[in-house]
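The following exercises are to be worked with the sequence and the coordinates side by side. Each task is followed by a solution that proceeds step by step.

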Amino acid sequence: MAANSTKKRPVGKMIVMGLISLALYTLLLTKQDMVNSTFAKGGWYAFLPIITAFVFSFIHGSFTGDFWTVIGIEAARKKKEVK
């Protein structure tokens, strides 16, 4: 348990990713008309919603993972069974 208490928490990375995530959502909501008209053009523009979803997923997911780590909640590690 002592190793977990000395583990460095990614507070700085969490704050940066949180601010980037907030900025992305703010841009998306304030520029809805431009986003909708651009994404609806067809052709190669059809890939923009997919790319946007990946960017949002990566940034927000990174923030969320760091958030849980900072407050001390980690995923359970699967224990290897010795036979």
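**Exercise 1.** Determine which residues of α2 meet which residues of α4, and describe the geometry of this packing.

*Solution.* In this predicted model, begin with the α2 side of the contact, where V11, K13, M14, M17, G18, I20, S21, L24, Y25 and L28 take part. On the α4 side, the partners are V55, F56, F58, I59, H60, S62, F63, D66, F67 and V70. Sorting the residues of this contact by class gives 14 nonpolar, four polar and two charged residues. Next, turn to the axes: helix α2, which covers residues 11-30, and helix α4, which covers residues 48-70, pack at an angle of about 145°, and their axes lie 8 Å apart. Finally, the sense of the crossing of α2 and α4 is left-handed.

**Exercise 2.** Take S21 and T69, assign each to its helix, and decide whether each is buried or exposed.

*Solution.* S21 is located in helix α2, and its relative accessibility is 5%; since buried means under 20%, S21 counts as buried. Leaving aside residues up to four places away in sequence, S21 touches I59 and H60, and both of these residues appear in the list of α4 residues that meet α2. T69, in turn, belongs to helix α4, and its relative accessibility of 17% also falls under the 20% cut-off, so T69 counts as buried. With the same exclusion of residues up to four places away in sequence, the residues that T69 touches are R9, P10 and E74.

**Exercise 3.** Place G42 and I50 in the chain, classify their accessibility, and state how far the C-alpha atom of G42 is from that of R9, and that of I50 from that of N36.

*Solution.* G42 sits in the loop between α3 (32-39) and α4, and with a relative accessible area of 29% it is partly exposed, because that class lies between the limits of 20% and 50%. Along the chain G42 and R9 are 33 residues apart, and their C-alpha atoms are separated by 44 Å. I50 is part of helix α4, and its relative accessible area of 46% makes it partly exposed as well. From I50 to N36 the C-alpha to C-alpha distance is 13 Å, for a sequence separation of 14 residues.

**Exercise 4.** Characterise the chain as a whole, and explain why it is described as more spread out than a compact globule.

*Solution.* Start from the secondary structure: the protein chain contains four helices and zero strands, which, read along the sequence, gives the pattern α-α-α-α. The radius of gyration is 19 Å, whereas the globule rule gives 12 Å for 83 residues; the value found is well over that of the rule, and the chain is therefore more spread out than a compact globule. Taken along the principal axes, the box filled by the C-alpha atoms is roughly 55 × 35 × 15 Å. Turning to the surface, the chain exposes about 7100 Å², of which carbon and sulfur atoms supply 69%, while buried residues make up 12% of the 83 residues. As a last step, consider the contacts with a separation of 6 or more: residues 24 or more positions apart account for 80% of them.

Technical notes:
Residues are numbered from 1 along each chain as its sequence is written. This is a predicted model: local features need pLDDT of at least 70, side-chain atom pairs count only at pLDDT 80 or more; totals for chains, interfaces and linings use all residues. Side-chain values use heavy atoms; hydrogens and water are left out. Axes are lines fitted to C-alpha atoms, for helices over the stretch in contact, and angles run from 0 to 180 degrees between N-to-C directions. Helices (H or I, at least four residues) and strands (E, at least two) are DSSP runs, numbered from the N terminus. A crossing is left-handed if the near helix is turned anticlockwise from the far one by less than a right angle, and right-handed if clockwise. Contact means heavy atoms within 4.5 Å. Ala, Val, Leu, Ile, Met, Phe, Trp, Tyr, Cys and Pro count as nonpolar, Asp, Glu, Lys and Arg as charged, and the others, Gly among them, as polar. The radius of gyration is taken over C-alpha atoms; the globule rule is 2.2 Å times the number of residues to the power 0.38. Buried means under 20% relative accessible area, exposed over 50%, partly exposed in between (1.4 Å probe, protein chains only). Accessible areas come from the Shrake-Rupley method with a 1.4 Å probe; for residues, only the protein chains shown count as cover.
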